[in-house]
Amino acid sequence: MNATAKLPIGIENFEKIRRNGFYYVDKTGLIKDLLENCGEVNLFTRPRRFGKSLNMNMLKHFFEYGCDPQLFEGLAISAEPLLCQEHMGKYPVISITLKDVSGNDYKTALEMLRSVIGREAMRFRFLLDSDEIAPEEKDAYKQLITIDTTNRQMFSMSKGALASSLLTLCVLLHKYYGQKAILLIDEYDVPLDKAQHFGYYDEMISLIRSLFSQALKSNHSLAFAVLTGCLRVSKESIFTGLNNLKVYSITNTQSDERFGFTQSEVQVIAEKFQCADKLYLIKEWYDGYRFGKAEVYCPWDVINYIDLLRWEPEALPRPFWINTSGNDIIRNFVQMAKAGTRKELERLIDGETIPKKINQELTYRDLYTSIDNLWSILFTTGYLTQRGSEDGETYQLAIPNLEIRKIFIDQILEWFRQEARKDTPTLDAFCEAFAKGDAEAVESRFNAYLSRTISIRDTSVRKSKKENFYHGILLGLLSHREDWYIRSNVESGDGYSDIIVEIEEESIGIVIEVKYPDSGKKSPDGADASINRAKSCNVKSPYEMMEKGCREALQQIETKDYEEKLRQDGLETILKYGIACNRKKCRVMIEK
């Protein structure tokens, strides 16, 4: 690859990547895996953004008639000349992706599915000119490609023709070429996910069941099929009776390195794009997933962050993966969690593992029927990963990295705000205590709020991250007052104050600095650093540590003159609060 290689952000077309000088992480070993040990129908379940679509497109370009061998020069599969000679460019291939079948209602989703099948069928218009295809078979094919006369954007195939469409294409292509077809179905379960979300699940499951049943069961024109998705949907009978199905889930060791980037692959790409000095950040934020026995990174994150570093060499990591779609699963999980589950969630955020029995065959209908099901869904969709299992059913679950920890924390904060706002009088009293300069009441009420949320104590999380968590809680509570002008991390004086509040009607300004007293880390000699600090500072309790944190906060406000902006705005009374938090406790001090 030349030195001017580009990063393929959002590009899932293998040919485009290879022909246009984009950087490609070689996953062609998947071809060998399939040819040497595949089932007739193969299902790979992986979280989103782990390279499923690119891998499927790569398979299409390898197997399909008309394959250009140059696309695979220098890649792993080219070191298997016998496999290439026997299989490269030797099959008719039907390739569809269902990721865009996401209508808000069944009618729209049905039209989208017709469009997906219809566009793929139109690639094979040569079937109409073949003497090998009987007239009635050509009529069946024409039904797949006929356009609706009232709407030229839509295909008009009947539901019956749609249900048998993939089987029809397999049979006709087999007859034309004298070679059985390969069927590739990417993101097969997206229509079910959307149907469950928008309330037409029963209709969609019936259609998908019929489509797959005809194409994958007793299809004598099928060489083999490959499907990808997030979940294995089996209870709904999509795969019932399909005794030729082979599932490669995130717990299987076979092909475990074919989706996601390995440590060595990330090392190479970071060195190529001259950001190897940021490998520790890439690892903290985007590594930590375990598929089978392989430790992998999220490729979407790695590529996006390295691309960002090319233009901003000192840029900090960002949550690229979690911003590519909604996070309803986390939101519902946090909302459904009771006291015991919240304790377990605290442990996960603290970097610990939680043993949970995992059911990898849940359906989208089952998602929110119980908190136990949600543990399994969080695991299969990549929000949690595993750190080992003794029996193959119960896994030690963990949050994989800082990016996923961030989404948990963000959703916890959002849940907390919603819960707090349900009790308007209490929240009003909390805000008024700030305006009145009643530090004792602020402390008491803030402690009451903290006792009901989820805390952070993980010593692997930087002190600033812990402070941001409590900062976020406090900001969410104060934002209840829409008549107050509230700013966060605003430049004032010689720095950036945590929170500044202006109450114009009463000419009151409030400056708040939040601290998390640093404790619990190990000193170089292995002793508990908090004990050493306590001895050196004559601090003997967490409460006194928080008092010290409050004094440091107030001193910082004074030293950096955070109240400057409030004075410039002409506010007569300025209240300065130092707040220190630790777990579910806080200490509040004020300087007027």
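**Notebook: overall chain and the α14/α17 contact**

I looked up the accessible surface first: the protein chain exposes about 25,900 Å², and carbon and sulfur atoms supply 46% of that area. I note that the model is a predicted one.

I then turned to burial. Of the 592 residues in the protein chain, 55% count as buried.

For overall dimensions, I took the box along the principal axes; the C-alpha atoms of the protein chain fill roughly 95 × 55 × 50 Å.

I looked up the secondary structure and recorded 23 helices and 15 strands in the protein chain.

I next checked how contacts are distributed along the sequence. Among contacts in the protein chain with a separation of 6 or more, 72% are accounted for by residues 24 or more positions apart.

I then examined one helix pair. Helix α14, residues 328-336, packs with helix α17, residues 402-421, at an angle of about 50°. Their axes lie 9 Å apart. I entered α14 and α17 as oblique to each other, because the angle is neither under 35 degrees, nor 65 to 115, nor over 145. The handedness of the crossing of α14 and α17 is right-handed.

I listed the residues that make this contact. From α14 they are Ile330, Arg331, Phe333, Val334 and Gln335. From α17 they are Ile407, Phe408, Gln411, Ile412, Trp415 and Gln418.

I sorted the residues of the contact of α14 with α17 by character, and they divide into seven nonpolar, three polar and one charged.

How values were computed: Residues are numbered from 1 along each chain as its sequence is written. This is a predicted model: local features need pLDDT of at least 70, side-chain atom pairs count only at pLDDT 80 or more; totals for chains, interfaces and linings use all residues. Side-chain values use heavy atoms; hydrogens and water are left out. Axes are lines fitted to C-alpha atoms, for helices over the stretch in contact, and angles run from 0 to 180 degrees between N-to-C directions. Helices (H or I, at least four residues) and strands (E, at least two) are DSSP runs, numbered from the N terminus. A crossing is left-handed if the near helix is turned anticlockwise from the far one by less than a right angle, and right-handed if clockwise. Contact means heavy atoms within 4.5 Å. Ala, Val, Leu, Ile, Met, Phe, Trp, Tyr, Cys and Pro count as nonpolar, Asp, Glu, Lys and Arg as charged, and the others, Gly among them, as polar. Buried means under 20% relative accessible area, exposed over 50%, partly exposed in between (1.4 Å probe, protein chains only). Accessible areas come from the Shrake-Rupley method with a 1.4 Å probe; for residues, only the protein chains shown count as cover.
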